[in-house]
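Q: Please take a close look at the second largest pocket of this model, describing what lines it and how the helices around it are arranged.

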Amino acid sequence: MYTGVPKAVEHQQDTKRVHPELHEAVEHDSGGQLKANCAGLNPLSQIITKSGYEYQFRSGTTISHLLYMDDIKLYAKNERKTEVMVFGPEPLRDRLDHRITLDGISLTSSLSVSNLGVTFDQNLSFNSHIKLVSRSAFFHFHAFVTSRLDYCNSLLSGCPNSSLRSLQLIQNAAARVLTGIDKRDHITPVLALLHWLPVKFRITFKTLLLTYKVLRGLAPSYLEELVIPYQPNRPLRSQNAGLLVVPRVSRSRMGGRAFSYQAPLLWNQLPVQVREADSIATFKIRLKTYLFEKAYCY
């Protein structure tokens with residue numbers, strides 16, 4: 001990366017005398033091929049030389065770019081792999097031609113470039129980098145929280161709201177962090193705005209998705225044994241409604257939380273258009289829409 005102040009290059013021979021091996025390396029490769037450490041920088045060297053830029057100390061001593069070109073590595077094979085950026089104050093940048101030619105390849109100066117995961121801008125303010133990092137961090141934060149909340153959460157089906165409260169508080173905290181709202185603000189509108197299902201409904205979603213897979217033969221056989229389609233003793237309108245048999249259990253004990261009870265109980269409450277979805281993708285969309293409206297009373 002080159003920084004400096006405009007100054008006419010008047011002492012090319014002084015540079016050659018101070019650091020002759022670098023000067024010879026650049027002069028040797030007149031064709032611009034990568035034959036030595038600095039030879040590949042010949043096109044860049046020519047551009048800097050023509051621009052009249054050098055680094056000037058307060059004492060007045062100037063240093064040519066040829067003195068430290070061996071610390072720069074340049075790979076410029078084609079336009080897709082090469083980006084050019086002009087750094088410096090805007091008034092000075094406006095004086096330069098932002099269309100640069102390197103080794104016969106015409107390149108346009110970019111407003112921002114990425115290097116080793118860091119986004120640089122022309123003013124070196126790093127505002128673009130900070131925005132990208134913040135966006136990525138928020139995304140990974142949300143992904144981390146939701147992945148933990150959703151992990152094996154179908155096992156929590158049938159648990160009382162008092163047991164799920166701590167998990168809901170975690171989701172609420174994540175929503176506050178992402179949106180920056182005050183801790184005293186009501187959280188339900190925020191969750192709806194983010195289009196997040198509350199924890200209880202996320203558990204219902206996972207249980208019903210497993211049930212759909214069971215009925216379509218996409219789940220393990222041990223789950224298929226727990227779900228029984230409803231067959232009335234006499235012809236009824238409900239016999240083709242895709243309902244399931246809800247077994248009799250003791251809800252005061254763990255039986256009310258079993259998949260064999262929760263799956264048919266929740267499934268039978270679904271609208272017909274949700275149950276009759278012809279693919280998993282369609283089922284997910286219709287199910288989330290139904291649960292979202294139910295959670296936020298839309």
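A: Helix axes are lines fitted to C-alpha atoms over the stretch in contact, and angles between N-to-C directions run from 0 to 180 degrees. The model discussed here is predicted.

The second largest pocket holds about 320 Å³ of space. Its lining comprises 18 residues, of which Lys200, Thr204, Gln262, Leu266 and Lys294 are the closest to the centre of the pocket. Four helices each give two or more residues to this lining: H6 (161–179), H8 (199–215), H10 (259–267) and H12 (280–296). The largest share comes from H8, which supplies five residues.

In terms of class, ten of the lining residues are nonpolar, six are polar and two are charged. The lining also draws on two domains, with at least three residues from domain 2 (129–194) and at least three from domain 3 (199–296).

Two of the contributing helices, H8 and H12, can be described further as a pair. Their axes come within 10 Å and cross at roughly 150°. Angles over 145 degrees count as roughly antiparallel, and H8 and H12 are therefore roughly antiparallel to each other. The crossing in which H8 passes H12 is right-handed.

Note on methods:
Residues numbered from 1 in each chain as written. Predicted model: local features only at pLDDT ≥ 70, side-chain atom pairs only at ≥ 80, totals over all residues. Heavy atoms only, no water. 1 Å grid on protein atoms, 1.4 Å probe; cavity = no way out; pocket = protein on both sides within 12 Å on 5 of 7 lines; lining within 4 Å. Points joined across faces, edges and corners; volume = space filled by probe spheres on them. Nonpolar A, V, L, I, M, F, W, Y, C, P; charged D, E, K, R; others polar. Domains from an automatic or database assignment. Parallel < 35°, antiparallel > 145°, perpendicular 65-115°, else oblique. Left-handed = near helix turned anticlockwise from the far one by under 90°.
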